[in-house]
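Q: I'm new to this one and would like to start small. Could you pick a single part, look closely at how it pairs up, and then follow the contacts its side chains make?

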Amino acid sequence: MKSKFNAFFSSIVLLAFLFVSCDKKDDETPDNNNQSSTENLNFSDSYGVLAAVKSISYQTAGGFTIPVEVNTAVAVFVPSPGASTFSSAGNVTINGSSLKKYQNNSYIYDNLLSPLSFNEVKWDVSGEGDVPTISKTVNRGFPAFSSYASIPETFSLASGLSVPLGSSISNADSVVVVVAGSKDAKVKIVRAGVANATFSAAELSNLGTGATGMISITPYNFTIETISGRKYYFVNESNYTKMNVNITQ
């Protein structure tokens, strides 16, 4: 159940920030230890984003901790760059498996009883209305995070939180870090290569305490393609989530 939750959580996080970024420049030179990325998040200049999502959780059995992978995918299309509504695109598939179309015209692969294989990432969109027919094989591979053990199992709100990244992230353009508690969640996006994602005590003050916290690390990369004169982003992302983090005051 945790693996399924992680996969859908990744999709929701991705949908949340795909089209909320803008071309503002005032965030480009913050503290080098926690550098926010705006230039890598300008997905709002496109007509759509298609993302393959690999969710990795760690489970312990018989004294051994092993990674468990659940794959999903999400796609959204807009009538014009920056639009706040999604367009229907007909049938959307990844590696021959169909994504489910939701009422708001977002597409998510939610048939986790038939797991996706990401030996390749091939997107096909039948097209509908202003959305063209799309056929694209993405060759960039998936990002990785090699320091899952370094994600803290407990932290204090009063002390803030620094999540180590740095060289543990590979094949990524940026990293989404989510910290969630019983009452709130905070999201921070940093460029790949930044040493830490740092959350101040003030940022975390409304998170809530308890042993049901969560810290999620999601490195991603993207490929840009212009199809029928329209710009689309193809994203590969990997999500690593530690559940049951103990958050104290």
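A: First, a bit of vocabulary: two strands count as paired if DSSP finds at least two bridges between them. Keep in mind, too, that this is a predicted model.

The part to zoom in on is the hairpin made by strand 16 and strand 17, which has two residues between its strands. Serine 228 sits in that turn, with a positive phi of about 55°. Strand 16 covers residues 210-227, and strand 17 covers residues 230-248. They run antiparallel, joined by 13 bridges. To see one of those matches, find tyrosine 220, whose bridge partner in strand 17 is glutamate 237.

Strand 16 has another partner as well: strand 13 (residues 174-180) pairs with it in the antiparallel sense, over seven bridges. Here you can look for alanine 180, which has methionine 214 of strand 16 as its bridge partner.

Now for the side chains. Seven salt bridges turn up in a search of the whole structure, and one of them involves the hairpin: lysine 231 meets aspartate 45, with N and O 2.8 Å apart. This contact spans a long stretch of chain, since aspartate 45 belongs to the loop between helix 1 (2-18) and strand 1 (48-61) while lysine 231 is in strand 17, 186 residues away. How open is this spot? Aspartate 45 has 30% relative accessibility, so it counts as partly exposed. Lysine 231 gets that label at 25%.

Aromatic rings tell a similar story. There are eight aromatic pairs by the count, and one of them joins phenylalanine 43 to tyrosine 233, with the centres 4.5 Å apart and 50° between the planes, which makes the pair tilted. Once again the loop between helix 1 and strand 1 is involved: phenylalanine 43 lies there, tyrosine 233 lies in strand 17, and 190 residues separate them. Both of these residues are buried. The pairing doesn't stop with those two rings, as Phe43, Tyr220, Phe222 and Tyr233 are linked into a cluster by ring pairs. Tyr220 should sound familiar: tyrosine 220 is the residue bridged to glutamate 237.

One more contact is worth finding. Lysine 242 lies over the face of tyrosine 148, 4.9 Å from the ring centre. Residue 242 falls within strand 17, which runs over residues 230-248.

If you then follow strand 13 back along the chain, you reach another salt bridge, between arginine 140 and aspartate 173, where the closest N and O atoms are 2.9 Å apart. Aspartate 173 is in the loop between strand 12 (169-170) and strand 13, whereas arginine 140 is in the loop between strand 8 and strand 9 (144-145), 33 residues away. Arginine 140 is partly exposed, at 32% relative accessibility.

Strand 8 takes you on to an open sheet of four strands, in the order 4-3-7-8 with antiparallel pairing. Strand 8 (134-138) is one of its edge strands, along with strand 4 (97-98), each pairing on one side only. Inside that sheet, three bridges connect strand 3 (residues 92-94) and strand 7 (residues 121-125), and valine 92 has valine 125 as its bridge partner.

Technical notes. Residues numbered from 1 in each chain as written. Predicted model: local features only at pLDDT ≥ 70, side-chain atom pairs only at ≥ 80, totals over all residues. Heavy atoms only, no water. Salt bridge = Lys/Arg side-chain N within 4 Å of Asp/Glu carboxyl O. Buried < 20%, exposed > 50% of the residue type's maximum accessible area, 1.4 Å probe, protein only. Phe/Tyr/Trp six-rings, centres within 6.5 Å; stacked < 30°, edge-to-face > 60°. Lys NZ or Arg CZ within 6 Å of the ring centre and 35° of its normal.
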